[in-house]
Protein chains: 2
Amino acid sequence: MCKIFYILTLVMSIVGGAAAQDSPITIVIHGGAGAMAPGRYTQEQEAAFKAKLTEALELGYSVLDGGGTALDAIQAAITTMEDSPLFNAGKGAVFTAEGKNELDASIMDGATKNAGAITGATRVKNPIKLARAVMENSKHVMFAGAGAESFAKSQGLELVPRSYFHTDERWNAYKRALKAEEAEKESALPHDYKYGTVGAVALDRNGNLAAGTSTGGMTLKRFGRVGDAPIIGAGTFADNASCAVSATGHGEYFIRLTIARDICAQVEYAGKTVADAANDVIHHRLQDLGGDGGVIVLGADGDYAMTFNTAGMFRGVKREGESVSVAIYEN
Amino acid sequence: MCKIFYILTLVMSIVGGAAAQDSPITIVIHGGAGAMAPGRYTQEQEAAFKAKLTEALELGYSVLDGGGTALDAIQAAITTMEDSPLFNAGKGAVFTAEGKNELDASIMDGATKNAGAITGATRVKNPIKLARAVMENSKHVMFAGAGAESFAKSQGLELVPRSYFHTDERWNAYKRALKAEEAEKESALPHDYKYGTVGAVALDRNGNLAAGTSTGGMTLKRFGRVGDAPIIGAGTFADNASCAVSATGHGEYFIRLTIARDICAQVEYAGKTVADAANDVIHHRLQDLGGDGGVIVLGADGDYAMTFNTAGMFRGVKREGESVSVAIYEN
């Protein structure tokens with residue numbers, strides 16, 4: 001009897017392993033969720049967003065298609081979005097209450113459960129590369145502020161003058177937000193708020209998952225506020241045993257609900273599909289607590305979900321045998 | 001048929017509510033895990049540790065016994081340990097590579113899933129009070145570095161000169177560690193390493209859970225390293241729907257495994273007892289990854305566990321109808 005069990009287990013694990021390796025290589029990305037109802041953008045603006053999402057997807061997919069790792073794929077996609085002023089990450093970062101740009105990012109390798117994260121960087125051009133360097137070249141997971149920057153320097157990562165992060169659009173949004181805050185004597189988020197965080201999840205030919213997230217945080221953030229993007233388990237999580245998640249939204253809620261980990265825990269322990277787990281977490285738990293935002297989720301079996309409770313989410317997917325698909329609004 | 005279901009559900013929810021309220025009020029604390037085998041401390045030192053653990057437990061329990069909240073109880077217990085030079089938190093914080101003290105803490109309310117956390121504070125006397133102020137008096141969950149300190153000032157919290165955190169014992173340990181690192185040209189943790197983080201979890205008369213953790217971090221930490229103590233889901237988690245956890249150990253592993261959330265997820269989704277969940281996470285997942293440390297866990301039903309894979313963990317529990325129990329070593 002025991003022998004039969006043993007053989008059965010062995011067969012199952014081989015089948016399981018083969019299934020993972022046979023899963024279609026896939027990359028899913030987001031460029032932030034928020035009050036992006038149809039009509040918010042001109043056709044030209046929509047086209048520009050979609051073109052940049054497509055570029056990021058194609059670059060990331062080409063890494064997977066060439067036999068590269070999920071980690072390299074998400075880094076390629078995220079770096080593309082960081083370098084664009086269209087998204088609130090890297091080049092397009094929003095301004096803090098003090099009129100500065102403070103960048104957060106994190107990355108996780110589903111194969112090893114290794115992770116890296118940084119918060120409060122001000123001069124590193126690509127925060128996702130710094131998070132990866134923390135993961136691979138230090139014994140630590142997370143560095144904050146000036147220390148993170150010193151580490152970036154020691155790693156020879158590209159640093160830029162602070163003025164690199166200045167874009168007129170974000171600066172004007174900062175000035176408007178400052179005025180609104182002074183008028184209302186409070187710092188509530190405006191109704192048209194858009195969480196412009198970027199992120200990616202991928203599954204490579206070896207059946208390995210990875211996830212990464214990068215952001216400029218919240219306009220007018222104060223007191224060195226840390227959101228969910230650099231928090232492993234909140235904004236980012238990846239484990240080959242369950243799934244990979246990158247989140248965007250009102251970060252405080254995502255931290256309290258450990259959104260990324262909770263979705264993968266429901267897959268791991270409750271046997272849910274990634275879509276069912278994401279639905280429960282975004283449309284019930286997050287919604288019930290009063291938070292908003294979205295997630296991209298990719299299972300080890302190649303199943304994926306792009307789930308949000310906001311009017312829209314910049315998002316896209318490219319998987320083996322299918323063409324690139326990008327979208328902004330709900331439908 | 002539907003009506004019967006409805007009545008049944010109603011009865012079950014009333015029974016469930018009553019059960020929670022009938023659970024014995026309980027507080028569980030830890031003062032760090034590590035290479036604390038019998039013989040490491042003199043009898044006098046052991047007595048001093050046990051006396052301080054007992055004092056913290058009794059103070060926290062008295063809050064619960066007087067009808068106070070789980071949050072107030074854990075804050076009282078943690079503050080007591082922060083004010084003692086015996087533990088690596090507050091007064092007894094270890095030194096960073098630069099010879100400074102940088103303090104991290106977090107707190108979570110299981111009833112509301114509200115949370116507060118700070119990292120890299122240098123002048124606030126009681127980091128746990130600052131974490132609580134972030135939770136209750138800001139719209140945010142986590143503040144880092146100088147910003148956290150500015151917020152502390154704006155809240156009128158007690159600030160102390162940096163010299164307050166200087167204790168000869170930690171300074172000498174820092175000097176020894178520095179010398180060892182120079183000799184070995186690496187910064188591996190010494191074999192006798194002790195993670196002196198402190199933490200508490202409690203269940204109050206209303207059936208509400210809370211968890212909190214406070215630490216000075218890792219001796220010789222660099223680059224603004226953030227450990228698991230201020231990370232919701234890693235070092236601290238509380239949710240009335242499952243359990244409350246405070247962790248201590250090699251923080252990087254605790255972040256990667258989202259230890260506190262994983263234990264509560266196993267309770268919530270896999271129907272495990274807190275002891276079984278803690279065993280799986282500490283003795284299998286953490287152990288397999290090569291990490292060490294421990295947790296205290298308290299379920300909404302009053303079940304608790306104190307689980308570690310190190311030689312010892314400073315720990316204790318006081319529950320209704322039972323006397324205070326404190327321990328250091330494995331048995």
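Start with H3(B) and H4(B) in this predicted model: select residues 70-82 and residues 127-137 of chain B. The two helices pack at an angle of about 150°, and their axes lie 8 Å apart. Angles over 145 degrees count as roughly antiparallel, and H3(B) and H4(B) are therefore roughly antiparallel to each other.

Now show the side chains where they touch. On the H3(B) side, pick Leu71(B), Asp72(B), Gln75(B), Ile78(B), Thr79(B) and Glu82(B). Across from them in H4(B) you'll find Pro127(B), Ile128(B), Lys129(B), Arg132(B), Met135(B) and Glu136(B). Colour that contact by class and you get five nonpolar, two polar and five charged residues.

Next, hop over to chain A and select strand E13, residues 312-319. Eight of its eight residues are buried, so E13(A) is largely enclosed by the rest of the structure. In a regular strand, side chains alternate between the two faces of the sheet. Here, Gly312(A), Phe314(A), Gly316(A) and Lys318(A) point one way, while Met313(A), Arg315(A), Val317(A) and Arg319(A) point the other way.

What pairs with E13(A)? Add strand E1 of chain A, residues 26-34: it runs antiparallel to E13(A), with seven bridges between them. To find one of these, pick Thr26(A), whose bridge partner in E13(A) is Arg319(A).

Then add E14(A), residues 325-329, which is antiparallel to E13(A) and joined to it by four bridges. Arg315(A) has Ala327(A) as its bridge partner in E14(A).

Last stop: the hairpin of E13(A) and E14(A), with five residues between the strands. Click on Gly321(A) there and check its backbone, which takes a positive phi near 80°.

Definitions and conventions:
Residues numbered from 1 in each chain as written. Chains lettered and ligands numbered in written order. Predicted model: local features only at pLDDT ≥ 70, side-chain atom pairs only at ≥ 80, totals over all residues. Heavy atoms only, no water. Axes fitted to C-alpha atoms, helices over the stretch in contact; angles between N-to-C directions. Parallel < 35°, antiparallel > 145°, perpendicular 65-115°, else oblique. Contact = heavy atoms within 4.5 Å. Nonpolar A, V, L, I, M, F, W, Y, C, P; charged D, E, K, R; others polar. Buried < 20%, exposed > 50% of the residue type's maximum accessible area, 1.4 Å probe, protein only. Pairing = 2+ DSSP bridges.
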